[in-house]
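Could you help me practise reading a protein model? I would like a few exercises, each with a solution that goes step by step.

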Amino acid sequence: MEHDVAVAPPLTESASAVFAVLARAGSATRPQLASLAGLSKPTVSAAVAELEGAGLAGRCGTASSGTGRTAAVYRLGPDAGAVLAVDLGPDLTRVRGCALDGTLLAEATGPRTKAADAVREALGTLPAAAPLRAVVVAVGDVTTPAKHGAGMRPATAKAGPVFDAMAIALPPGVPVHLENNVNCAALAELHEGAARGRGTFGYLRVGVGVGLGIVIGGQVLRGANGAAGELARLPYPWDDGREPRLEALEEYLGARSLLRRAAGAWREAPDGPCPRTTERLFTLAGQGVTPARAVVARHAADVGRLAAAVTAVLDPGLIVLGGSTGADPQLLPGVRAELARLSWPTEVVSSTVGDLGTVVGAARLAVARGVRTVTEPGRWRH
C-alpha cells in the first residue's frame with residue numbers, strides 16, 4: 001500500500017514557527033506566542049493572521065492581564081488536522097485519534113485479528129472536516145523502510161499480515177510510520193510515567209517476550225538497523241557444552257515458560273489448581289501461596305540478571321520495568337537485589353503508564369509527525 005503525503009498549504013517561516021508553538025502550548029495569546037517563539041509581536045501578529053486565513057488557527061476566547069487589559073486567546077483551527085496512533089498488540093489493537101495539540105479525540109479497542117475494525121471505529125469518531133495528517137503504528141518488531149513504495153513495513157513476518165489488513169482501513173494519501181512498541185512505551189514513560197524528568201533511562205519490558213527501550217538525552221535510540229534494544233537476540237544459553245539458540249532468552253523469560261515453571265513446581269492438593277495465566281500466578285504469589293511465591297522470586301532474579309546486562313552496557317541510571325509480568329511490583333525487591341549483586345547502583349522502578357503506554361507513546365510520535373507535515377511539508381513528500 002502506497003502512502004503519499006497530503007500537502008498542507010505553504011506557510012511562511014514565522015507562521016510555521018507559531019503553528020508549532022501553538023500546537024505545543026494548546027492555547028496562547030499573541031504576547032505569549034511571541035515569547036515562546038522568540039519572535040517580535042508584529043511578526044507574530046502577521047503569522048497569526050496567516051494561520052487564521054488558512055484555517056490552521058482561530059480565536060477561542062480572551063484572557064485578562066493584571067492591568068485589566070484583555071487579549072485574544074488562540075488555539076489550532078479546524079483545518080489543522082488530526083493524527084492516528086495504532087498499537088498492534090499481541091492480543092488487542094488499541095487506537096487513539098488526537099488533534100495536533102495532543103487533545104484526545106477518539107479511542108477504540110478490539111481484537112488484534114480485527115485491527116481494521118478498530119481503526120475504522122476511531123476514524124469514524126474524528127471530526128469529519130479535520131484532515132488526517134499522519135499515522136503511527138506500533139508493532140512488536142524491528143521496522144525498516146519498505147523496499148517498494150513509500151512508507152514503512154515490519155522487518156519480519158511477525159506483524160506483516162496484521163499490518164496489511166489494518167492498512168486497508170486507512171485513507172489513501174496519509175503518511176504512515178511504523179515504530180517498535182517498546183520504544184513507544186518508553187516515550188510514554190518519559191513524558192507521562194515513571195521516568196518524567198529523567199532524560200536517560202532504560203525501559204525494560206518483560207511479558208510474552210522481552211524488549212528494551214533506550215532513551216538517551218530525551219531521545220529514543222533506534223540503532224543503525226532500527227534494532228536497538230532487541231534483547232531477544234542476546235546469546236542464550238552461554239556456557240560450556242551448550243550452543244546459544246536464536247531468541248532462546250526471550251523463550252526462557254517469556255510468559256509461557258514462566259507458566260511452565262509454575263506447573264512444574266505446583267502441588268495440586270495443598271495449593272489449589274495450578275494457575276493458567278500469569279495474572280493468576282502473581283495474584284496467588286501476593287496471597288502467599290508457596291510455589292507461586294517461589295516461581296515469582298525466581299522470575300525476579302532472572303529479570304534482575306537481564307537488568308544487570310542492560311546496566312553493564314548502558315549505565316542508564318534508571319530502569320523502568322514494564323510489561324504484563326515486568327510491571328508487577330512484586331518483582332521489584334528481587335530485581336533490585338540481583339542487580340545490586342551483579343552491577344553498580346541503579347534505580348529500578350515499576351511502570352506507571354500500564355497497558356496504555358504503547359498507544360500513548362505512539363500518539364505522541366503521531367502528533368509530532370503531524371505538526372511537521374504542516375510546518376515542513378516538503379520533508380514528507382516521500
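Here are six exercises on this predicted model, each followed by its worked solution.

**Exercise 1. Find out how far the model can be trusted, and where caution is needed.**

Step 1. Start with the whole chain: its mean pLDDT is 89, and 91% of its residues reach 70 or more.

Step 2. Next, look for weak stretches. Over residues 1–5 the pLDDT is below 50, and this stretch has 18 contacts in the model beyond near neighbours in sequence. Residues 145–152 also stay under 50, and the model gives them 15 contacts beyond four places in sequence.

Step 3. Now apply a general rule: where pLDDT is low, predicted coordinates should not be read in detail. Keep that in mind when you look at residues 1–5 and residues 145–152.

**Exercise 2. Work out the layout of the sheet that contains β1, and say which helices lie on it.**

Step 1. Write down the strand order. This open sheet has 3 strands in the order β1-β3-β2, and the pairing is antiparallel.

Step 2. Look for the edges. β1 (27–29) and β2 (57–64) each have a single partner strand, so one side of each has no neighbour in the sheet. From one strand to the next, the twist averages 35°.

Step 3. Zoom in on one pair. β1 and β3 (residues 70–76) run antiparallel and are joined by 3 bridges. In this sheet, Thr29 stands opposite Val73 in β3.

Step 4. Add the helices. Helix α1 (residues 13–25) packs on the sheet and touches β1, β2 and β3, with a direction at about 90° to that of β3. Helix α2 (residues 30–37) lies across β1 and β3, running at about 100° to β1.

**Exercise 3. Do the same for the sheet that contains β11.**

Step 1. Again, begin with the order. Here 5 strands form an open sheet, β13-β12-β11-β14-β15, with mixed pairing.

Step 2. Find the edges. They are β13 (219–220) and β15 (347–350); each has a single partner strand, so one side of each is left without a neighbour in the sheet.

Step 3. Take one pair as an example. β11 (residues 201–206) and β14 (residues 318–322) pair in the parallel sense over 4 bridges. Tyr203 stands opposite Val320 in β14.

Step 4. Place the helices. α11 packs on the sheet and touches β11, β12 (210–216) and β14, its direction making about 150° with that of β11. α12 touches β14 and β15 as it packs on the sheet, and its direction makes about 160° with that of β15.

**Exercise 4. Describe how α11 packs against α12.**

Step 1. Read the geometry. Helix α11 (residues 290–314) and helix α12 (residues 332–342) pack at an angle of about 45°, and their axes are 7 Å apart. That angle makes α11 oblique to α12.

Step 2. Note the handedness: the crossing of α11 and α12 is right-handed.

Step 3. List who touches whom. The α11 side includes Ala300, Val303, Gly304 and Arg305, while the α12 side includes Gly334, Val335, Glu338 and Leu342.

Step 4. Sort the contact residues by class. Those of α11 with α12 divide into 8 nonpolar, 3 polar and 3 charged.

**Exercise 5. Repeat the analysis for α8 and α10.**

Step 1. Helix α8 (residues 255–265) and helix α10 (residues 278–286) pack at about 50°, with axes 10 Å apart. The two helices α8 and α10 are therefore oblique to each other.

Step 2. The crossing of α8 and α10 is left-handed.

Step 3. Ala255, Leu258, Leu259 and Ala262 in α8 meet Thr278, Leu281 and Phe282 in α10. By class, this contact has 6 nonpolar, 1 polar and no charged residues.

**Exercise 6. Explore the loops through Pro237, Glu247 and Asp328.**

Step 1. Pro237 lies in the loop between β13 and α7 (248–253). The peptide bond from Tyr236 to Pro237 is cis, with omega near -10°.

Step 2. Glu247 is also placed in the loop between β13 and α7. Although Glu247 is not a glycine, its phi is positive, at about 60°.

Step 3. Asp328 belongs to the loop between β14 and α12. Leaving aside neighbours within four places in sequence, Asp328 is in contact with Phe282 and Ser350.

Conventions:
Residues numbered from 1 in each chain as written. Predicted model: local features only at pLDDT ≥ 70, side-chain atom pairs only at ≥ 80, totals over all residues. Heavy atoms only, no water. Axes fitted to C-alpha atoms, helices over the stretch in contact; angles between N-to-C directions. Parallel < 35°, antiparallel > 145°, perpendicular 65-115°, else oblique. Left-handed = near helix turned anticlockwise from the far one by under 90°. Contact = heavy atoms within 4.5 Å. Nonpolar A, V, L, I, M, F, W, Y, C, P; charged D, E, K, R; others polar. Pairing = 2+ DSSP bridges. pLDDT = per-residue confidence, 0-100.
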